[in-house]
Amino acid sequence: MFSRMLGFMSADMAIDLGTANTLVYVQGRGIVLAEPSVVAIADVRGKKQVVAVGEEAKQMLGRTPGYITASRPLRDGVIADFEVAEEMIKHFIRKVHNRRGFASPLIIVCVPSGSTAVERRAIQESAESAGARKVALIEEPMAAAIGAGLPVTEPSGSMVVDIGGGTTEVAVISLGGIVYSRSVRVGGDKMDEAIISYMRRHHNLLIGEPTAERIKMDVGAAAQSDDGDQGPLREVRGRDLMNGVPREVLVSQRQIAESLAEPVGTIVEAVKVALENTPPELAADIVDKGVVLTGGGALLYRLDQVLRDATGLAVVVAENPLQCVALGTGRALEERKRLGNVLTSMY
Amino acid sequence: MSPAVQPKEVAPIAPRTGGDLRAARERVGWGLDDLAHSLHIRPSYLEALEAGRINELPGNAYALAFLRSYATILGLDPNDVVRRFKAEAAQVNARTDLVFPVPVPERAVPAGAVVLLGVALAVGAYAGWYRLSGEGQLPAEANVQVPTRLASLVEQAPRTTITAPTPAAAPAPAAPPVQEAEAPPAPLISPGSAAAAVPPAPPDQPRIVLRASADAWLQVRDRSGQVLLSRTLHAGETWDVPPRPNLLLTTGNAGGTDLLVDGVTTGPLGGNGAVRRDLPLEPDQIKDGKLLATSLRPSPQ
């Protein structure tokens, strides 16, 4: 009763707790916050204090002095550092809620479909200790499909590929439920790592994660162009491994595409395995309608083309791929009476 | 343009953007099949897109995504094409309606209806019982309240109770009922003493009045079983017996009940707390003292 009264005064929210970005959807207001999932923590005389969260903390990533650690509390779509994740969620709730003392919202958080019960429990508990009145979980591919506007409740198969920061989720959905899902721990982060190791191997240049991410967004591509052209060029700055001095090299889109071949190949493989495991009737529907890409990874240049050539299916990118999961989770929040059966809870 | 021209087909919803796409494709020199081959989108969907018949596409989300792919491969700005398409066809902005399959409820009758029916039955049963069991009481009380015929007798009744014992030379007016109760055989019906004071009531008026000298549960019914009175009369309360033949009286406290026949008291019908059943309420028999005599025989105490 009391918690219901508290809930009346607070705005319920849906959180897409992603490895790379966290999006918060508030009931009746839409997406109100989209920030990188980064927290900077200072160690002041043995006591840990949050210095910055989100965009500000991301600027600090890899540039911190000894007493500050900027870290990403999520890895591979699940919580790696429980306390930091809790601080981050608490910060976002406070930022969205101006009345801080009374805030006790219902929170819907999405979890990767391949996450274990322990990982789900960690997400639920961190949201609870961050001040939630009640926590419900939704599987990411379902949220992505709802957010992309796919007719998930129809008796017809829809295939969604959500390429996030930490995981890639491939799922076949029909009649409001997941028929088959596969989650591989490859996403934007693995692409960044691939770029870092490529630069080290081919250019003897050490670069940080933010730089790698910037290159990927700028000139990243899933495949080299057919006509052998180098594509746009970018300067990359880092530290030379041979003589230890900072240096700048020029890389082409073709080179980046080459470096990304491995993570892209893993994603293609995951989609193919999912297609192999799809029941034939649903496979027929997918041939008809195609595959929808969501998540930040869907923005990688020519990724849809690569998947199209590999599968022979109509692979298309959803509208607002970065926001699909948050929008779908938000819709589950808004219509939780009707969409209640896509929500789960660990208790 | 008008529906009459294309009677079989649904009117196109976004023909202009689709026409632009077709023009752009033809400028490049690609056929629909070339495009379908490279995008792996079925040619019929691309054709529907060009003609603006978005109802033929598998869904709004797919329509916009196909459009985006189409625009991208032609080198057009996909965002611009999608924006124009949306401006033309407002219905693609509609959210996909999600209706989850709900299991059919196992019971045919919903629980709410059953509960409602049960409550209605219970109320009906109670109302019926109340009506049937209270039926005898209602006319009896109505009789008491009829003032025109019975008012005189109702007024007489208390008066006679006071006047009747006085000839028996009781010193205190309040004492006589007690004395009478202690000496049951003494106040035999003596027609001479009170009959003069109160003239005999006309035959159609009640001749018998029940009077309670102590709290007593009384029931009056006729031989057919119709109940005229069934309640507790408190001390001093009286009840006029309607002038009907074949009435039977049952009392739960014979010692606290006495009868006034034409204003003459019979005295208590039995010992205190004794139960007497089915006493015939015939004025003449009571006057003769038959009732009292029968009353004394089965007295338990």
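This text walks through a predicted model, from the make-up of chain A to one of its sheets, its helix packing and its salt bridges.

Start with chain A as a whole. Its secondary structure comes to twelve helices and 19 strands. The chain has 347 residues, and 55% of them count as buried. Now take the contacts between residues at least 6 apart in sequence. In chain A, 63% of these join residues at least 24 apart.

Next, the sheet. Six strands of chain A form an open sheet with mixed pairing. Their order is S3-S2-S1-S9-S10-S19. Which strands stand at the edges? They are S3 (30-36) and S19 (343-344) of chain A. Each has a single partner strand, so one side of each is left without a neighbour in the sheet.

Two helices of chain A pack on this sheet. Helix H3 (residues 82-96) touches S1, S2, S3 and strand S9 (106-111). The direction of H3(A) makes about 140° with that of S3(A). Helix H12 (residues 324-334) touches S1, S2, S3, S9, strand S10 (134-139) and S19. The direction of H12(A) makes about 155° with that of S1(A).

Follow the chain through S1, S2 and S3. Strand S1 (residues 13-17) and strand S2 (residues 21-26) of chain A pair in the antiparallel sense. Five bridges hold the register between them. The two strands form a hairpin, with three residues between them. At the S1 end of the bridge pairs, A:Leu17 has A:Thr22 of S2(A) as its partner. A:Asp16 stands opposite A:Leu23 in S2(A).

S2(A) then pairs with S3(A), again in the antiparallel sense. Here there are six bridges. A:Leu23, the residue opposite A:Asp16, also stands opposite A:Ala34 in S3(A). S2(A) and S3(A) form a hairpin too, with three residues between them. In that turn, A:Gly28 has a positive phi of about 85°. How enclosed is S2(A) by the rest of the structure? Five of its six residues are buried, so S2(A) is largely enclosed. In general, the side chains of a regular strand alternate between the two faces of the sheet.

H12(A) also packs against another helix. Its partner is helix H5 (residues 140-147) of chain A. The axes are 6 Å apart and meet at an angle of about 90°. An angle from 65 to 115 degrees counts as roughly perpendicular. H5(A) and H12(A) are therefore roughly perpendicular to each other. H5(A) contributes A:Glu140, A:Ala143, A:Ala144, A:Ile146 and A:Gly147 to the contact. H12(A) contributes A:Cys324, A:Val325, A:Leu327, A:Gly328, A:Thr329 and A:Arg331. These residues divide into six nonpolar, three polar and two charged.

Now the salt bridges. The count comes to 31 over all chains. Three pairs show where such bridges can sit.

One pair is A:Arg234 with A:Asp218, whose closest N and O atoms are 3.0 Å apart. This pair links distant parts of the chain, 16 residues apart. A:Arg234 lies in strand S15 (residues 233-240) of chain A, and A:Asp218 in helix H7 (residues 209-219) of chain A. Buried or exposed? A:Arg234 has 32% relative accessibility and counts as partly exposed. A:Asp218 is partly exposed as well, at 46%.

Another pair is A:Arg308 with A:Asp304. Their closest N and O atoms are 3.2 Å apart. Both residues belong to helix H11 (residues 303-311) of chain A. They are four residues apart, and so are separated by about one helical turn. A:Arg308 is buried, with a relative accessible area of 3%. A:Asp304 is buried too, at 18%; the cut-off for buried is under 20%.

The last pair crosses between chains. A:Glu319 forms a salt bridge with B:Lys86, the closest N and O atoms being 2.6 Å apart. A:Glu319 lies in the loop between strand S18 (315-317) and H12 of chain A. B:Lys86 lies in helix H5 (residues 78-88) of chain B, so the pair joins two chains. A:Glu319 counts as partly exposed at 27% relative accessibility. B:Lys86 is partly exposed, with a relative accessible area of 23%. Chain B also holds a network: salt bridges that share partners join B:Asp20, B:Asp80, B:Arg83 and B:Arg84.

Conventions: Residues numbered from 1 in each chain as written. Chains lettered and ligands numbered in written order. Predicted model: local features only at pLDDT ≥ 70, side-chain atom pairs only at ≥ 80, totals over all residues. Heavy atoms only, no water. Pairing = 2+ DSSP bridges. Contact = heavy atoms within 4.5 Å. Axes fitted to C-alpha atoms, helices over the stretch in contact; angles between N-to-C directions. Buried < 20%, exposed > 50% of the residue type's maximum accessible area, 1.4 Å probe, protein only. Parallel < 35°, antiparallel > 145°, perpendicular 65-115°, else oblique. Nonpolar A, V, L, I, M, F, W, Y, C, P; charged D, E, K, R; others polar. Salt bridge = Lys/Arg side-chain N within 4 Å of Asp/Glu carboxyl O.
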